[in-house]
Amino acid sequence: MPLAQTATPARLHFSVLGPVTGEAGGRPLALGPLKQRLVLAVLLSRANTAVPVDLLTDALWPEEPPRTARKNLQVYVCTLRTLLGREDGPDRLVHSAAGYLLRVAEPELDLLRFRALARAGRAAADGGALAPAARLLRQALDLWQGPPLADLRCSPAVEAEADRLEARCLGVHEDWAETELELGNAGAVAEDLAELAERHPLRERLQAARMNALHLSGRQAEALAVYDTHRQLLARELGLEPSPALTARYRELLARGRSRPTAARPERGAGPNGALLPADTADFTGRTDELRDLVDELGEGGGRVAVLSGPAGSGKTALAVHAGHLLADRFPDGRVLVRLRAEDGTTRPLPEVLAELAALTARTAGQGGEFGRTDTGRAAALWRASLAGRRLLLILDDAPGEAAVRELLPGFGPSAVLITSRSQLAGLASVRRIAVPPLAPTEALDLLGRIVGTGRIGADRAAAARIVAACGLLPVAVRVAGTRLAVLRHLPLAEYAARLEDPAGALDELVAGDVTVRARLDSGWRDLTDQGRLALARLAALPLALLFTLPEAAAALGRPERLALHTLESLTDTGTVTSPTGEVTARAALYALPRLTHLHARERAAQALGVPAPS
């Protein structure tokens, strides 16, 4: 039978924890030329996640992409689809507005197997099952065959992916070492960590584990020397002192002789600050997929950075805070949220943000003072260095652009960062981007029911569905509508639905006390450039709640299609315009303005012209 007619496709397996390799049915796959392998490497390192086209372009052409970059990328993707083949079911490599996504099962990729074993090991350790935990963590580490993506580090974007994978491996290595120490296997840990600790001398948790291992192995002088070498290096390179926790461990080792020191594993939730987060939302609803992605991504630590992007009112901050509370056991040194905008929506100056971070997280009063006294560049460097040996989750809320966050991101170490922004922050490399779309209709109805009561929703579910649809399924609008209905107990749901469906008065109805949806939309409007606001106002003349094409947008904008496409892409990046279609040509793509954004843009355009908004 010819190969093309074989009923059962060959089993695929890929490896990125070392050189990038692939097998089909146990036989090596020819992965193609360099640029094709670079595309595959980035897709595999972010398997089952949409990878933005811009990130793939940066991986292939770090300096100046050619004019035909997107077309060339499509050729590489098409060839990879042929290489991957197709089993019964959906395509493995698919395209959406968020980018390209490669579907891979856990047994088919060593990275996914590594992550699953690491999660299982940590869960076992948290539950007190230390022996199984150590075994699972060791199995995860044994999957590594050398530096990750070793043969493709000629690309800075791929090298950044490799650095993130190595940081994740270090975190698992530290988990394994701490677990083995609690089991009494100090000798094995001391030997295993010797070379690793020398390669990463600034990683404090690693140095602490090595100190304990040497001490418990009877090598007291070597244990104390580890601390002294680390202290001198911090002072010489960064002008910092070791953390109080490591200093206390050092003094304990001096005093205790060969007796067992206090627990090597950090106490969950200990840390100097605990949780400096807003209270979790009691009626948080939905976002199952997004939460799973966040917990998987950030729970590994290792310098991971995730960006939650979406339009104003999509619930990015609530999702970030909820995820922060769920990740409590992964970040014993604290979870901190810092807002990057002032109350009036303007960008907070970087020195002001750094001063707040110093006040919230500085490990000694002296270090906090140093943050405040030095120039901004050195203060930012000190901040990043202070994260090197700590497992902290930093939430940077409502980022107005890349410049507001770039200096705050750790280059290495076990901490992680979660950013919320209306923009996708395309200028940041090596970050995980997670779109925060409107709620699903069932989720929006569930949220409304939690606020006004399920009995009231059940009495007129059709009207409730009209309400959440008129809210554009945006969490903030559904919450405001629900709060208003909870106060106005006499108001029938059908009557309120009719008010919200009236374009002339919908935004006036979405007010609850001092919380208004219009204020959120105003903030998004101010974020746009003058050209962006003008373009949005012109697009708002299109029919409400209908999809439109590129030619229709070009006609509304009064611009050639080529320029109109650039405008649509810019507005899509800010969450103002959405594109629900998949991989099609730009001319065949369909676009949409979210309902409340559409109404708000009409209102703003009418105000500028001094005429009533169209209904």
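Reply: Buried means under 20% relative accessible area, and exposed means over 50%. Keep both cut-offs in mind. Note too that this is a predicted model.

Me: How many residues of strand 9 are buried?

Reply: Start with the general idea. Side chains in a regular strand alternate between the two faces of the sheet. Now the case here. Strand 9 covers residues 393–397, and five of the five are buried, so the strand is largely enclosed by the rest of the structure. Take one side: Leu-393, Ile-395 and Asp-397 are buried there. On the other side, Leu-394 and Leu-396 are buried. Both faces of strand 9 are therefore covered.

Me: Which strand do five bridges join to strand 9?

Reply: Strand 8, residues 335–339, which runs parallel to strand 9. One pair to find is Arg-339 with its bridge partner Asp-397. Strand 9 also pairs with strand 10, residues 416–421, in the parallel sense over four bridges. There, Leu-394 stands opposite Val-417.

Me: Which residues are closest to the centre of the second largest pocket?

Reply: First, its volume: this pocket holds about 1300 Å³ of space. It is lined by 41 residues, and the closest to the centre are Thr-317, Arg-339, Asp-397, Val-476 and Arg-520. You have met two of these already: Arg-339 and Asp-397 are bridge partners. Elements that give two or more residues to the lining are helix 12 (316–326), helix 20 (475–487), strand 13 (515–516) and helix 23 (517–527). By class, the lining has 16 nonpolar, eleven polar and 14 charged residues.

Me: Where are the edges of the open sheet of three strands?

Reply: Read the strand order. It is 1-2-3, with antiparallel pairing. Strand 1 (12–15) and strand 3 (27–28) stand at the edges, each with a single partner strand, so one side of each has no neighbour in the sheet. Strand 1 pairs with strand 2, residues 21–24, over four bridges. Look for Phe-14, whose bridge partner in strand 2 is Gly-22.

Me: How many Å should helix 1 span?

Reply: Count 1.5 Å a residue, and the twelve residues of helix 1 (34–45) should span 16 Å. The end C-alpha atoms are 16 Å apart, which agrees. Helix 1 is also mostly covered, with nine of its twelve residues buried. Among them are Gln-36, Leu-38, Val-39 and Ser-45.

Me: Is Phe-114 buried or exposed?

Reply: Check the percentage against the cut-off. Phe-114 has a relative accessible area of 0%, so it is buried. Find Phe-114 in helix 4, residues 110–126. Then look at Leu-17, 97 residues away along the chain. The C-alpha atoms of Phe-114 and Leu-17 are separated by 9.1 Å.

Me: What is the phi of Leu-149?

Reply: Most residues other than glycine have a negative phi. Leu-149 has a positive value, near 50 degrees. Leu-149 sits in the loop between helix 5 (130–142) and helix 6 (156–182). At 0% relative accessibility, Leu-149 is buried. Leu-425 also has a positive phi, about 50 degrees. Its place is the loop between strand 10 and strand 11 (432–435). Leu-425 is buried, at a relative accessible area of 0%.

Me: How many disulfides does the structure hold?

Reply: Zero. Compare two cysteines with the cut-offs. Cys-154 has a relative accessible area of 54%, so it is exposed. Cys-78 has 47%, so it is partly exposed.

Technical notes. Residues numbered from 1 in each chain as written. Predicted model: local features only at pLDDT ≥ 70, side-chain atom pairs only at ≥ 80, totals over all residues. Heavy atoms only, no water. Disulfide = S-S within 2.5 Å. Buried < 20%, exposed > 50% of the residue type's maximum accessible area, 1.4 Å probe, protein only. 1 Å grid on protein atoms, 1.4 Å probe; cavity = no way out; pocket = protein on both sides within 12 Å on 5 of 7 lines; lining within 4 Å. Points joined across faces, edges and corners; volume = space filled by probe spheres on them. Nonpolar A, V, L, I, M, F, W, Y, C, P; charged D, E, K, R; others polar. Pairing = 2+ DSSP bridges. Expected span 1.5 Å × (residues − 1).
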